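Good morning, and thank you for coming. Please take a moment to look at the model on the screen before I begin.

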Amino acid sequence: IWNYVRYVMLADVVLEQATLPTEWKDQAAVFYSWFESVGFNRYNGLMLPEFTEDPVGGAVNISRTMEQTLPTDVPADRVPPKSAMDILPKQARKKSGAIDISFKEPH
C-alpha cells in the first residue's frame with residue numbers, strides 16, 4: 001500500500017509558496033519529509049522530530065538504517081522459551097497422499 005500512496009497520491013502534491021511555512025525549522029521539516037516519503041527516515045542517526053528540535057549546521061547524513069544494539073544478557077530467572085509444538089495442539093492429517101487439483105467436467 002505504501003507504494004500506492006507514494007506513486008499515486010504524492011505524485012500530485014503541489015505546494016504553492018503561500019502554503020509553505022516561513023520559519024526555517026518548518027521549511028526544513030517539509031524538505032526532509034520528502035525523504036521520509038521515499039523511505040529515508042534517519043537524519044544524522046535521529047528520527048525527524050528529534051532532528052528538527054535541535055538542528056545542527058553543516059551536512060546532514062540521510063539514511064534508511066539506524067544501528068540498534070539489543071541487550072544480549074539473559075536474566076537467570078527467565079523461563080526458557082518453549083517450542084510451538086509443546087503449546088499448540090497437533091491436528092491429524094485430513095487427507096492421505098497428494099492433494100487432487102484437477103479440473104473435472106461438471107456435467
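I begin with S63, which counts as buried because its relative accessibility is 17%, and the cut-off for buried is under 20%. I should say at once that this is a predicted model. S63 sits in strand 2, which covers residues 62-63. Which residues does S63 touch, not counting those up to four places away in sequence? They are F40, N41 and R42.

Let us follow R42, one of these partners of S63. R42 belongs to strand 1. Is R42 buried or exposed? With a relative accessible area of 12%, R42 is buried, because the value falls under 20%. The side chains of R42 and N41 are joined by a polar contact of 3.3 Å. F40, another residue that S63 touches, has R64 lying over the face of its ring, at 4.4 Å from the ring centre.

Now I turn to M47. Where is M47 placed? It lies in the loop between strand 1 (42-43) and helix 3 (48-53). M47 has a relative accessible area of 41%, so it is classed as partly exposed; that class lies between buried, under 20%, and exposed, over 50%. Leaving aside neighbours within four places in sequence, M47 is in contact with N41 and R42. These two residues are also touched by S63. As for E36, it is 11 residues from M47 in sequence, and the C-alpha atoms of the two are 9.7 Å apart in space.

Next comes the nonpolar core. Which residues make up the largest one? There are six in all: A28, Y32, F35, Y43, L48 and F51. Helix 2 (24-37) and helix 3 each supply at least two residues of this core. Helix 2 gives the most, with three residues. In soluble globular proteins, nonpolar side chains tend to be buried together. L48, a member of the core, touches A29, Y32, E36 and Y43, when residues up to four places away in sequence are not counted.

I should now like to consider the aromatic rings. How many aromatic pairs does the structure hold? It holds five. In one of them, Y32 and F51 meet edge-to-face, with 5.2 Å from centre to centre and 85° between the planes. This pair links distant parts of the chain, since Y32 is in helix 2 and F51 is in helix 3, 19 residues apart. Both Y32 and F51 are buried. Beyond this pair, ring pairs link F31, Y32, F35, Y43 and F51 into a cluster. Please note that Y32, F35, Y43 and F51 also appear in the list of core residues.

Finally, let us step back to the whole protein. It has four helices and two strands, and along the sequence these follow the pattern α-α-β-α-β-α. Of the 107 residues in the protein, 10% are buried. The accessible surface comes to about 10200 Å², and 58% of that area belongs to carbon and sulfur atoms. Among contacts with a separation of 6 or more, residues 24 or more positions apart account for 33%.

To close, I return to the starting point: S63 is buried and touches R42, and R42 is itself buried. Thank you for your attention.

Conventions:
Residues numbered from 1 in each chain as written. Predicted model: local features only at pLDDT ≥ 70, side-chain atom pairs only at ≥ 80, totals over all residues. Heavy atoms only, no water. Buried < 20%, exposed > 50% of the residue type's maximum accessible area, 1.4 Å probe, protein only. Contact = heavy atoms within 4.5 Å. Core = buried A, V, L, I, M, F, W, Y, C linked by side-chain atoms within 4.5 Å. Polar contact = N/O pair within 3.5 Å; in protein donor to acceptor, adjacent residues only side chain to side chain. Areas by Shrake-Rupley, 256 points an atom, 1.4 Å probe, with all protein chains shown as cover. Phe/Tyr/Trp six-rings, centres within 6.5 Å; stacked < 30°, edge-to-face > 60°. Lys NZ or Arg CZ within 6 Å of the ring centre and 35° of its normal.
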